[in-house]
Amino acid sequence: ALAGSQDFLGEWRETFRRRRDLVVSAVNAIEGLSTPVPDGAFYCFSDASPLMARFGGDDGKLALHLLEHGVAVVAASGFGGKNGFRISFAASEETLTQAMARIAKALS
């Protein structure tokens, strides 16, 4: 992999930038959620602090609620965080658009 062609990397970077921007924008548009722009990962951590009372302060319950609405995320507590979840953007833009619409509906 290190000795082969690296020509594809520019296109990959642009693809993941678009996916990142899509997810970050959609998360920040949902009332009660926020996320910073990640620097170099293919996931972002979403803060759901304003919504946590609905889930008894348990981010695992929040993640389960989203799963019941067709979106798999990982509770922030799985990474030493709290009050939110991690969502990957290593999927197609179409899939991400559908997932973000489901999250918005699930949390409305």
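How do the residues of the lining of the largest pocket divide into nonpolar, polar and charged? They come to seven nonpolar, four polar and one charged. Welcome to this structure, which is a predicted model. Its chain has three helices and three strands, and from the N terminus on these elements follow the order α-β-α-β-β-α. Along its principal axes, the C-alpha trace spans about 50 × 25 × 20 Å.

**The sheet**

- The three strands make up an open sheet, and their order in it is 1-3-2, with antiparallel pairing.
- Strand 1 (43-47) and strand 2 (74-75) are found at the edges with a single partner strand each, so one side of each has no neighbour in the sheet.
- Two bridges join strand 2 to strand 3 (residues 84-88), and this pair is antiparallel.
- For a spot to look at, try valine 74, which stands opposite arginine 86 of strand 3.

**Helix 2 and the strands**

- Helix 2 covers residues 59-68 and lies across strand 2 and strand 3.
- Relative to strand 3, helix 2 runs at about 45°.

**Helix 1 meets helix 3**

- Helix 1 (residues 9-29) and helix 3 (residues 93-106) have axes that come within 10 Å of each other and cross at roughly 10°.
- Helix 1 is therefore roughly parallel to helix 3, since angles under 35 degrees count as roughly parallel.
- On the helix 1 side, the contact is made by Arg18, Arg19, Leu22, Val23, Ala26 and Val27.
- On the helix 3 side, the residues making the contact are Glu93, Leu96, Thr97 and Met100.
- Sorted by character, the residues of this contact between helix 1 and helix 3 are six nonpolar, one polar and three charged.

**The largest pocket**

- Now back to the pocket from the opening question: the largest pocket has a volume of about 160 Å³.
- Its lining includes Gly70, Val71 and Ala72, along with Ile87, Ser88, Ala90 and Ala91.
- Also among the lining residues of the largest pocket are Thr95, Leu96, Gln98, Ala99 and Arg102.
- Strand 3 and helix 3 are the elements that give two or more residues to this lining.
- Helix 3 gives the most to the lining of the largest pocket, with five residues.
- One residue to find in both places is Leu96, which belongs to the contact of helix 1 with helix 3 and also lines the largest pocket.

Terms used:
Residues are numbered from 1 along each chain as its sequence is written. This is a predicted model: local features need pLDDT of at least 70, side-chain atom pairs count only at pLDDT 80 or more; totals for chains, interfaces and linings use all residues. Side-chain values use heavy atoms; hydrogens and water are left out. Two strands pair if DSSP finds at least two bridges between them. Helices (H or I, at least four residues) and strands (E, at least two) are DSSP runs, numbered from the N terminus. Contact means heavy atoms within 4.5 Å. Axes are lines fitted to C-alpha atoms, for helices over the stretch in contact, and angles run from 0 to 180 degrees between N-to-C directions. Angles under 35 degrees count as roughly parallel, over 145 as roughly antiparallel, 65 to 115 as roughly perpendicular and the rest as oblique. Ala, Val, Leu, Ile, Met, Phe, Trp, Tyr, Cys and Pro count as nonpolar, Asp, Glu, Lys and Arg as charged, and the others, Gly among them, as polar. On a 1 Å grid over the protein atoms alone, a cavity is a set of points where a 1.4 Å probe fits but cannot get out, and a pocket is an open set with protein on both sides within 12 Å along at least five of seven lines; lining residues have an atom within 4 Å of a point. Grid points are joined across faces, edges and corners, and a volume is the space filled by probe spheres set on the points.
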